[in-house]
Structures are given as structure tokens and as C-alpha cells.
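The report that follows walks through one protein model for a reader who has not met it before. Please keep the sequence and the three-dimensional view at hand while reading.

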Amino acid sequence: MNSLDFKISDSDFQPNPGSILLRLLNQIKHTANSFAQTYRLDLDNLKNFLSNQESNFQPIFEALVSHPGIDLRVLFKPDIAEVVDRKFGRISKVATMSAERSKLSARVFERGPEDSKKIPFYTYFDTAVQPTSPFRPELIEQLKYSNGDCDLENSFFNHGHFEDQMTLFLGETNLHWKEPDGRQSVFKASRLSASYKIPFIPHTFTSRSNNPGQILAVTYLGPIANPIFLDTARSHSLDDFCHLIRNYEPSPAPDQPAVITSNVVQTLSSYFEEFQSITLLEGIPDQPNSSIMLLQLARGGKTEQSSKSNHQWLYNISDQTVIFDWDQSSFEMSPGSSIAITPETCYSLKNIGKMTSAIACFSANPGEGDALKQAKRILNFAGPPAISRLLNENCQWFS
Ligand SMILES: [Fe+2]
């Protein structure tokens, strides 16, 4: 069915649909401008919808249907969401994206104190994504150099985002974030360093080499994306909900750090027969299934894997091609290609290159974790404004 034939009326939406769409655009790392430009939309019409003013949703809906990895259901009341899902859900067991297609999605975002002083800061690239998966992954190149020893200009930081984030660093790169008192912290990462951070922490990344840095920024819908939790949260005023969070006493107490960093690169073994799997990141509080693994295959090496109960997201970080087989299908995973895998999928990987290949494998289990405990961490770290954004997004992830 053509989405033009599917008419939507104002009464079909959840309350505050502009806020929901803003969150969806943040998740796919598009601004109103970049999304309108990509799909030739009327920017004013899109901005009107985002601010809950009178607008024509139909062309916006067309664009949302065309874009991979948007969970359209969240915009609509349950009965309409079910129809939308049936007609436009596009769920497949495995979603792939070639490196060539990923490169076509390149978009540069500027950052800086004011328009005249903004500089090209990042290039974003889309990767394989499933609309029902928790993952909203991007390859991001850092165009700004920093040795990591000095504080950065404030406007280089984003405002944080609703999603949890696991990051894999592919080169000499810095992760900068802001502490609750506004002080800046930095993690000087090397190739295969990794990090995790809770939602709504202002952060940014810079390159520590003369070339652009590269990271796999895998934002994902963590504990606070639980729809029952969000419905309950929205039934309270901001003050009442903050009060409820403060009085919540989970066990163990939510005193884990808001940012976790890991650097196992020195312990990597380069001697193995056919296949080895190395944990690059684990130990995220209350999320035993969230991890980053490195799957290494020797020349001609093969391995059988299963996503088990997790969603997985794979990215070829090596310069060797790997064949990904599942069911009766096959995908040639050239360097820079990516794959999103739904739970309970069995697959195999075979290295057909002449050297060792390396696949980054991110896993997460939707809904895992204690949402109120996570909200308490967010309130402690980022304060009531972040809880307000948790209830209703009112902010693009950077300005
Ligand atoms: Fe981020």
C-alpha cells in the first residue's frame, strides 16, 4: 500500500506528537533541516508539526515511512499504531546496509558559539537499523582536533539524549562529557576502547590525530524507554515525578558511575586458530545483556553464532570481507558494512579476505534494567530538566 493512500487525522496521534517526532529525529540523528533537505519536505510545515501547530502530516509520514529504522508506532494511539505497524512495519529478521549505501547518507553538522563561528564538527553516516530494535547506531567522524588536555568550547557539547549509549572508538579519539557541576571530563580513547553512558549527559567527541576520528556511536533504547514506565511518568507533574524518583530506594543503590570506560586493547591476543571473541565492554549496571564484543576471524575462519534473546548490531571494522549467512540468505559484509539482527537468529560468519577480519558486535535486550533506578541516576546527574525531557522531549540533541 502506498503511504499516500493511508490518511491520518489529528485524533489518531498520541498527545504531544511534535515532541514524539522530535525524539524520533534525535534518534536517527537528523535535525529538522537535514531531514527536510533529505526528503525535500517543506521545512516550515515540518517545524509546525514539531511545535504541535497546524500542519500537513501526510508528506512527513511519507518521508518517515521511507527512512529506515523509525518505529512509527510510537506516534499513534494503540489501534492506529497496530494498523500502521501492519501496513508499514517492514520487519525482517536481518537488516543490512552496505558501506556504499552508508556513505551516501553522509551529512556534516556544524557546532560553535554562533552562526558566524560555527565549524564543521561531525560527519554522520547511517548504518543498518531495524525499526523494532533498541539500536539507533551511526558511524560518526570527528572533524575537530583536540589533544584532550584542555577544556572545550561549551557550544561543542550536545545536550545529551534520551537513549543510553555504547560507543566503540576506531582511532585516537576523545570522549568529553560534563559533570553535574559543569566541569569537563575527558576519556582519551584508542582503537577498540569503549564507553557507556546514561541518558541526558552533555557530551562530545574530538579527534586526537590529524585525520578525522571515527566512532561507532550506538545509542539504544534503555530502561527509561519502557512504555509502561513512560505512561506512568507522564501521569505525574514534573515536581511530583522528581519527588517519586528521589524517594525510590532501589537495592543496590544507584551509585554506579554515569560514564563507564574500557580499554582492553593491550590485552588483545593476536594468536588464534580460526575464531576468537573478545569482550570490549560489559558490566553496565542492571543490563547484563548489553555488551560490545570483537569477533575476530583468521584467514578462511568461520564461526556459527546466535543472537539468542538479544538484538545485535554488527559492523565490519576491518579491511577484509566477511560473508554473513542466515536462513537461506547471504550478505557480503565488505569493510564498513553493517547488519542489524533480531533475537533468536542463527547465523554464520566466514572470512574470505587474505588477513584477519574483525567484526564489532553490539548486543542489548530491550526493556532490560530498572527504569526508576535509571531515572534516579539521571536526576542525580543531570537534574530536573533532564527528567522534563524524559517526559516530553523539547530539545534537539544539539544546537
Ligand atoms: Fe551521544
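## Asn16 and the first helix

Asn16 counts as partly exposed, because it has 15 C-beta neighbours inside 10 Å; a residue is called buried if 20 or more other C-beta atoms lie within 10 Å of its own, exposed if 12 or fewer, and partly exposed in between, with C-beta atoms placed from the backbone. The model is a predicted one, in which local features need pLDDT of at least 70 and side-chain atom pairs count only at pLDDT 80 or more, while totals for chains, interfaces and linings use all residues. Residues are numbered from 1 along each chain as its sequence is written.

Asn16 lies in the segment before H1, and although it is not a glycine, it has a positive phi of about 55°. Helices (H or I, at least four residues) and strands (E, at least two) are DSSP runs, numbered from the N terminus. Just after H1, Lys29 likewise takes a positive phi, of about 55°.

Helix H1 (residues 17–27) is largely enclosed by the rest of the structure, because eight of its 11 residues are buried. Those buried residues are Gly18, Leu21, Leu22, Arg23, Leu24, Leu25, Asn26 and Gln27, and they pack against helix H2 (32–38), helix H3 (43–50), strand S4 (135–142) and strand S10 (213–220). Contact here is defined by C-beta atoms, placed from the backbone, that lie within 7 Å of each other.

## Domains and cores

The domain assignment of the protein chain gives domain 1 (3–90), domain 2 (97–224 + 367–391) and domain 3 (262–364), with bounds that come from an automatic or database domain assignment. Taken over C-alpha atoms, the centres of domain 1 and domain 3 are separated by 34 Å.

A nonpolar core is a set of buried Ala, Val, Leu, Ile, Met, Phe, Trp, Tyr and Cys residues joined through C-beta atoms within 7 Å. The largest such core has 72 residues, and those with the most contacts inside it are Leu168, Leu216, Ala360, Phe362 and Ile378. This core lies between domain 2 (97–224 + 367–391) and domain 3 (262–364), because both give residues to it. A second, separate core of 18 residues includes Phe35, Phe49, Leu50 and Leu64. In soluble globular proteins, nonpolar side chains tend to be buried together.

What is Phe362 in contact with, leaving aside its neighbours within four places in sequence? Its partners are Phe135, Met166, Val218, Ile292, Gln312 and Trp313.

## Helix packing around H9

The axes of helix H8 (residues 238–246) and helix H9 (residues 371–382) come within 9 Å and cross at roughly 105°, where axes are lines fitted to C-alpha atoms, for helices over the stretch in contact, and angles run from 0 to 180 degrees between N-to-C directions. H8 is therefore roughly perpendicular to H9, given that angles under 35 degrees count as roughly parallel, over 145 as roughly antiparallel, 65 to 115 as roughly perpendicular and the rest as oblique. Cys242, Ile245 and Arg246 of H8 make this contact with Leu372, Ala375, Lys376 and Leu379 of H9. By class, the residues involved are five nonpolar, no polar and two charged; Ala, Val, Leu, Ile, Met, Phe, Trp, Tyr, Cys and Pro count as nonpolar, Asp, Glu, Lys and Arg as charged, and the others, Gly among them, as polar.

H9 also packs with helix H10 (residues 384–391), at an angle of about 135° and with the axes 7 Å apart, which means that H9 is oblique to H10. In this contact Ala375, Ile378, Leu379 and Ala382 of H9 meet Pro384, Ala386, Ile387 and Leu390 of H10, and its residues are eight nonpolar, no polar and no charged.

## Three buried residues

The table sets out the neighbour counts of three further residues.

| Residue | C-beta neighbours within 10 Å | State |
|---|---|---|
| Asn174 | 23 C-beta atoms | buried |
| Asn316 | 24 C-beta atoms | buried |
| Leu192 | 23 C-beta atoms | buried |

Asn174 has its place in strand S6 (residues 173–178), and its contacts beyond four places in sequence include Ser146, Gly148, Val186 and Phe205. Asn316 lies in strand S15 (residues 311–316) and, with residues up to four places away in sequence not counted, touches Val322, Met333, Ser334, Pro335, Gly336, Ser337 and Ile359. Leu192 is in the loop between strand S7 (184–189) and strand S8 (193–197), and has a positive phi of about 80° although it is not a glycine.

How values were computed: Two residues are in contact if their C-beta atoms, placed from the backbone, lie within 7 Å.
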